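This report describes a structure for a reader who has not seen it before. Please look over the sequence and the model before reading on.

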Protein chains: 2
Amino acid sequence: MPASGAASRQHTLRERNLRLVAAAVFEASAPPSRADVAAATGLTRATVSTLVDRLVAGGLVAELPPVAAQKAGRPAVPLVPAGRSVVGLGLEVNVDYLGVRVLDLVGDVVAERVVSGSLHDSDPREVLGRLRSLAADAIGEVEAGGMRVAGARLALPGLVDARGGRLEVAPNLGWSSLEPVPGLDLRAGDGSALDVEVSNEAKLAALAELAGDVPPSFLYVSGDVGVGAGIVVDRQLFLGERGWNGEIGHVVVDPAGPRCSCGATGCLEQYAGKEVLLRGAGLPVSAPVLSLVDLLRAGDDDALTTVRRGGRALGSALATFVNLVDVSTIVLGGAYTELFGWVGHVVAGVVEERALAAPFAPVDVRPAAAGPHAALTGGAREVLRSVVADPARWV
Amino acid sequence: MPASGAASRQHTLRERNLRLVAAAVFEASAPPSRADVAAATGLTRATVSTLVDRLVAGGLVAELPPVAAQKAGRPAVPLVPAGRSVVGLGLEVNVDYLGVRVLDLVGDVVAERVVSGSLHDSDPREVLGRLRSLAADAIGEVEAGGMRVAGARLALPGLVDARGGRLEVAPNLGWSSLEPVPGLDLRAGDGSALDVEVSNEAKLAALAELAGDVPPSFLYVSGDVGVGAGIVVDRQLFLGERGWNGEIGHVVVDPAGPRCSCGATGCLEQYAGKEVLLRGAGLPVSAPVLSLVDLLRAGDDDALTTVRRGGRALGSALATFVNLVDVSTIVLGGAYTELFGWVGHVVAGVVEERALAAPFAPVDVRPAAAGPHAALTGGAREVLRSVVADPARWV
DNA sequence: GCGTTTTGTTGTACGGCTGAACTATTGCGC
DNA sequence: GCGCAATAGTTCAGCCGTACAACAAAACGC
């Protein structure tokens with residue numbers, strides 16, 4: 001006997017309105033007063049007052065000193081997200097580094113640990129052990145500062161089941177068939193187990209873009225050794241059935257092309273993967289992307305040819321992507337961000353030519369705005385988003 | 001000052017629980033009693049009683065005569081969706097026919113008008129006028145029977161803006177840049193304007209599958225002159241930014257392939273479009289698909305070669321689709337349903353080979369279960385779904 | 001035939017929002 | 001400098017919808 005959703009009682013009203021008020025405070029362009037929140041939400045000032053008081057008591061919202069506006073009347077108390085109170089953890093294991101980043105509700109980085117080094121064909125137990133101690137260290141630091149850790153998100157470069165938290169395969173790490181969460185076993189200071197979820201790296205990196213000035217729907221492409229993507233529609237990740245979507249790296253660009261490790265021929269990765277681009281420019285596959293940028297700046301022919309070819313292939317795969325999912329903004333992340341000056345217009349040109357909807361709504365191609373290790377930021381933000389989306393659990 | 005969602009008041013509780021109770025009655029496998037609904041929803045029997053009474057009074061739910069179970073106790077009153085009470089209209093204009101279908105909440109067809117004939121390069125005003133009179137006729141019939149029309153959905157074979165209801169282009173009709181709803185101007189018997197929304201044909205046809213035994217997430221591919229698709233995740237259409245997704249017909253299968261009307265080369269439509277398949281088998285493009293089936297049954301070489309080639313191309317495009325959106329069920333509709341015996345295993349083989357997730361979750365390829373003119377059924381169902389999703393508006 | 005069991009209804013209690021009255025605190029005009 | 005208007009935030013009675021418990025209805029079974 002299916003029954004989607006749960007029965008609504010009186011306290012359901014509370015939860016929903018608490019969420020509404022929290023959203024009004026967190027999404028406002030300027031710190032709103034209780035009266036502003038009332039106007040924005042449609043609730044009465046009386047109700048808003050009690051709800052805001054609860055959020056303040058729970059440490060999610062803070063009051064700034066009353067500032068007299070130029071208008072007459074009692075000065076309003078501006079409400080802002082509370083900093084250094086509730087924090088979220090972003091974790092990541094990727095091909096060339098692993099790390100932890102802790103964000104508070106303001107969006108400030110309150111702690112961070114990043115360790116570089118190749119993790120190609122690494123031992124999951126050993127690597128997760130190192131990540132665990134990095135995380136424990138960061139948790140200790142922020143809890144010493146009186147903050148509460150709301151949870152964590154782990155980003156991995158592979159197929160991750162969004163519901164079960166299981167990593168099916170991460171080719172570039174050499175990992176397969178494992179459940180990272182029990183191994184991590186993260187705990188808060190009081191010994192209680194921390195809520196940890198696992199996601200694909202490109203998807204969390206996509207969410208990091210939401211911190212900046214990005215439209216509500218976009219496609220984020222993360223160019224690394226593999227090429228992954230995250231689909232964001234109305235500021236929410238679209239995961240498909242299990243979160244195994246966005247595998248753009250294996251879109252077949254040309255069936256007559258080179259063989260790919262996945263078994264097919266002419267996959268996008270064989271044209272626009274990081275290692276292919278570096279090798280095509282005569283660089284070692286472990287070279288930093290910036291060395292490729294140097295060659296491009298210098299006008300190196302091999303580098304320019306390879307990158308243009310990669311850009312055309314990427315554009316072709318993205319046009320297909322746009323035709324299949326319909327988004328009108330494409331954010332180029334990972335290695336493509338630094339290469340944007342050389343691939344951006346190539347990609348945009350091909351997409352404009354091939355996207356069926358382009359004549360009616362042009363597709364905007366832009367570089368990613370989030371800084372390095374975007375998945376760490378995205379993961380931490382996602383934890384905090386869940387806090388704001390259900391404040392009742394935290395007050 | 002953004003505020004997603006609206007303020008929740010007491011009557012919001014009512015609305016939500018009313019929806020919950022309606023869902024429990026409509027989605028139950030067997031007619032539930034009030035007590036069953038209470039158990040399924042978590043509400044008390046007292047609350048369920050008042051809510052059910054309201055649904056019965058509003059004509060959405062009907063009571064069957066009490067049937068004594070074999071167990072002791074007062075016999076339960078089985079609750080079922082009310083037939084011939086509130087109905088939804090499905091409308092469609094397609095390349096070779098136009099029509100109206102009226103469904104009630106039970107799922108019965110209570111009225112239908114379908115007119116065949118080529119509408120290639122037709123005049124929108126004239127065609128919509130004909131559709132309008134078909135619809136008005138059907139509306140008159142069901143209203144004479146005492147039914148209330150909740151709204152209508154119009155299916156068109158082209159790019160339709162899901163929010164604005166605007167048709168950007170329908171190449172095979174020769175239509176472009178028009179808003180069909182004002183032209184239709186459908187009215188109920190009392191003169192009030194009927195709520196009409198416009199959608200893409202493949203997407204509404206996809207929703208028709210939900211009436212049958214289909215998993216909650218699947219990809220529906222509609223093979224006609226063009227090849228379109230609908231993405232259903234958790235029984236809901238995924239529309240992307242504006243509903244311009246699923247344009248699988250222009251996935252490039254081979255850049256060295258034949259030129260397509262869209263400007264690219266080697267689009268799926270050039271391998272698996274209905275006209276290409278018919279022509280490849282030596283049939284006129286206006287021939288019915290069944291004549292192609294006859295040739296295939298007879299073992300005609302040209303027909304078999306063409307259809308197998310189309311199947312491989314379709315499989316390749318669908319593998320890309322699956323890698324980008326992640327669904328593990330593919331429903332072949334339109335002309336592909338009749339051709340399933342010849343393309344099904346070809347498609348399944350290619351998808352199995354190319355879908356990255358296939359080793360972890362095999363992809364099921366199956367023929368569509370909804371009958372002919374599936375978009376009519378899907379459109380009508382969609383109207384009724386919105387009624388059940390917000391019963392408060394109808395009681 | 002009467003206890004048992006299950007269904008559906010009735011009445012009271014309680015929680016949460018509203019609306020109006022009230023307090024607090026400022027700017028402005030004189 | 002003082003009163004008045006204006007705006008922010010709080011207090012309290014009223015209302016609404018659900019929960020809980022008691023009750024009525026209608027079967028089964030021994």
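Which residue caps the N-terminal end of α6(B)?

## A capped helix in chain B

The cap is B:Asn200, which has a side-chain oxygen 2.9 Å from the backbone nitrogen of B:Ala202. The model is a predicted one, and the distances and counts in this report are computed from it.

Helix α6 of chain B runs over residues 201-208 and is mostly covered, with eight of its eight residues buried. Two of these buried residues, B:Glu201 and B:Lys203, stand in the list with B:Ala202, B:Leu204, B:Ala205, B:Ala206, B:Leu207 and B:Ala208.

## The contact between chains A and B

Chain A brings 64 residues to the contact and chain B brings 63 residues. The size of an interface is often given as the accessible area lost when the parts come together. Between chain A and chain B the buried area is about 5,500 Å², and carbon and sulfur atoms give 61% of it.

Two salt bridges are counted between chain A and chain B. A salt bridge joins A:Asp326 to B:Arg242, with 2.5 Å between the closest N and O atoms. Across the interface of chain A and chain B there are also 22 residue pairs in polar contact, both residues being at pLDDT 80 or more. On the side of chain A that touches chain B, at least two residues come from each of α1 (10-27), α2 (34-41), β8 (167-170), β12 (227-233) and α10 (301-325) of chain A. The largest share of that side belongs to α1(A), with eight residues. By class, the side of chain A that touches chain B holds 35 nonpolar, 16 polar and 13 charged residues.

## Around DNA strand C

DNA strand C is surrounded by 30 residues, the closest being A:Gln10, A:Arg14, A:Thr47, B:Arg45 and B:Ser49. Of the atoms of DNA strand C that come within 4 Å of the protein, 66% belong to sugar and phosphate. Two contacts with phosphate oxygens come from chain B: a polar side-chain atom of B:Arg9 lies at 2.9 Å, and one of B:Ser49 lies at 2.2 Å. A base oxygen of the strand is 3.0 Å from a polar backbone atom of A:Arg74.

The elements that give two or more residues to the surface near DNA strand C are α1 and α3 (45-57) of chain A, with α2 (34-41) and α3 (45-57) of chain B. The largest share, five residues, comes from α1(A). This surface has eleven nonpolar, twelve polar and seven charged residues.

## Around DNA strand D

DNA strand D has 28 residues around it, and those that come nearest are A:Arg45, A:Ser49, A:Arg74, B:Gln10 and B:Arg14. Sugar and phosphate make up 65% of the atoms of DNA strand D within 4 Å of the protein. A phosphate oxygen of this strand lies 2.9 Å from a polar side-chain atom of B:Thr47. Base nitrogens also have backbone partners: a polar backbone atom of B:Gly73 is 3.3 Å from a base nitrogen, and a polar backbone atom of B:Arg74 is 3.3 Å from a base nitrogen.

The surface near DNA strand D takes at least two residues from each of α2 and α3 of chain A and α1 (10-27) and α3 of chain B. Here α1(B) gives the most, with four residues. By class, the surface near DNA strand D has ten nonpolar, eleven polar and seven charged residues.

Definitions and conventions. Residues are numbered from 1 along each chain as its sequence is written. Chains are lettered from A and ligands numbered from 1 in the order in which they are written. This is a predicted model: local features need pLDDT of at least 70, side-chain atom pairs count only at pLDDT 80 or more; totals for chains, interfaces and linings use all residues. Side-chain values use heavy atoms; hydrogens and water are left out. Contact means heavy atoms within 4.5 Å. Buried area is the accessible area (1.4 Å probe) that two parts lose on being put together, summed over both. A salt bridge is a side-chain nitrogen of Lys or Arg within 4 Å of a carboxyl oxygen of Asp or Glu. A polar contact is a pair of N or O atoms within 3.5 Å; within protein, one must be able to donate a hydrogen and the other to accept it, and residues adjacent in sequence count only if both atoms are side-chain atoms. Ala, Val, Leu, Ile, Met, Phe, Trp, Tyr, Cys and Pro count as nonpolar, Asp, Glu, Lys and Arg as charged, and the others, Gly among them, as polar. Buried means under 20% relative accessible area, exposed over 50%, partly exposed in between (1.4 Å probe, protein chains only). A residue is near a molecule or strand if one of its heavy atoms lies within 4 Å of it.
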